Amino acid sequence: MSNEIVNNNLQTNSLQYPATTNGVVGECSQPTDNDVIIGKGASTHPGNVKFCQEASEYLSWYEHPTTSKKEKRDIAAMVVESVTSLGHRFLERGEDGMWHEVTGKEAKKEAIRTLRRRQSS
């Protein structure tokens, strides 16, 4: 996805978040109940609960013995897309104390972690 498309998709409240190469885009305000919070202690946040429910929809496919590693990465990407297509965000608190939107590989890593946790539950 090009930076232009990412920037166009991330315009909220008239703020533009410039994309960076590490998957983190600019600062944003407080998380909403639909955002997925990345980090310890966020499992009870309403957006994370919804995200886990969404990930559960893909779990039988993810944990199937014939599912390849590539397919598992593709499944994680679909989980991320199912969230972001609704305008919801993946957020992480930076060292500066501000919330930052996470995209691309970082969001997919969170989906993979969630799917693995659901799988072992």
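What follows is a chat about the fold, core and one pocket of a predicted model.

Student: Okay, what's the secondary structure of this chain?
How many helices and strands?

Tutor: The predicted model comes to five helices and four strands. Going from the N terminus, the elements run α-β-β-α-α-α-β-β-α.

Student: And how much of the chain counts as buried?

Tutor: The chain has 121 residues, and 35% of them count as buried.

Student: What about contacts between residues far apart in sequence? What percentage join residues at least 24 apart?

Tutor: Taking contacts between residues at least 6 apart in sequence, 58% join residues at least 24 apart.

Student: Let's go inside. Which residues have the most contacts in the largest nonpolar core?

Tutor: Those are F51, V79, F90, A111 and L115, in a core of 18 residues. At least two core residues come from each of strand 2 (36-38), helix 2 (46-57), helix 3 (59-63), helix 4 (69-84) and helix 5 (104-120).

Student: Which of those gives the largest share?

Tutor: Helix 4 does, with five residues. As a general point, nonpolar side chains in soluble globular proteins tend to be buried together.

Student: Pick one core residue for me. What does A111 touch?

Tutor: Leaving out residues up to four places away in sequence, A111 touches F51, A76, V79 and V80.

Student: Back to helix 4, then. Which of its residues are buried?

Tutor: I75, A76, V79, V80, S82 and V83 are the buried ones in helix 4. Looking down the axis of helix 4, they fall within an arc of 160 degrees, so they line one face of the helix.

Student: What's behind that kind of spacing in general?

Tutor: An α-helix has 3.6 residues a turn, so residues three or four places apart point the same way.

Student: What span should helix 4 have, and how far apart are its ends?

Tutor: Helix 4 has 16 residues, so at 1.5 Å a residue it should span 22 Å; its end C-alpha atoms are 23 Å apart, which agrees.

Student: Now helix 2. Which residues are buried there?

Tutor: G47, N48, F51, C52 and A55 are buried in helix 2. Down the helix 2 axis, the buried residues sit within an arc of 140 degrees, so they too line one face of the helix.

Student: And what about the length of helix 2?

Tutor: For the 12 residues of helix 2, 1.5 Å a residue should give a span of 16 Å, and the end C-alpha atoms are 17 Å apart, which agrees.

Student: Switching to pockets. How much space lies in the second largest one?

Tutor: About 190 Å³. The lining of that second largest pocket has 13 residues, and the closest to its centre are A42, S43, N48, E110 and R117.

Student: Which elements give two or more residues to the lining?

Tutor: Helix 2 and helix 5. Helix 5 has the largest share of the lining, four residues.

Student: You mentioned E110. Is E110 buried or exposed?

Tutor: E110 counts as buried, because its relative accessibility is 6% and the cut-off for buried is under 20%. E110 lies in helix 5.

Student: So what does E110 touch?

Tutor: Not counting residues up to four places away in sequence, E110 touches I37, I38, F51, F90 and R117. Take F90: E110 and F90 are 20 residues apart in sequence, and their C-alpha atoms are 8.7 Å apart in space.

Student: What about K109, right beside it in helix 5?

Tutor: K109 is partly exposed, with a relative accessible area of 42%. K109 and V80 are 29 residues apart in sequence and 9.6 Å apart in space, C-alpha to C-alpha.

Student: Last one: R73. Where does R73 lie, and which residues is R73 in contact with?

Tutor: R73 is in helix 4 and counts as partly exposed at 41% relative accessibility. Setting aside neighbours within four places in sequence, R73 is in contact with K108 and I112. R73 and K108 are 35 residues apart in sequence, with 7.7 Å in space from C-alpha to C-alpha.

How values were computed:
Residues numbered from 1 in each chain as written. Predicted model: local features only at pLDDT ≥ 70, side-chain atom pairs only at ≥ 80, totals over all residues. Heavy atoms only, no water. Core = buried A, V, L, I, M, F, W, Y, C linked by side-chain atoms within 4.5 Å. Buried < 20%, exposed > 50% of the residue type's maximum accessible area, 1.4 Å probe, protein only. Contact = heavy atoms within 4.5 Å. Expected span 1.5 Å × (residues − 1). Arc of directions from axis to C-beta. 1 Å grid on protein atoms, 1.4 Å probe; cavity = no way out; pocket = protein on both sides within 12 Å on 5 of 7 lines; lining within 4 Å. Points joined across faces, edges and corners; volume = space filled by probe spheres on them.
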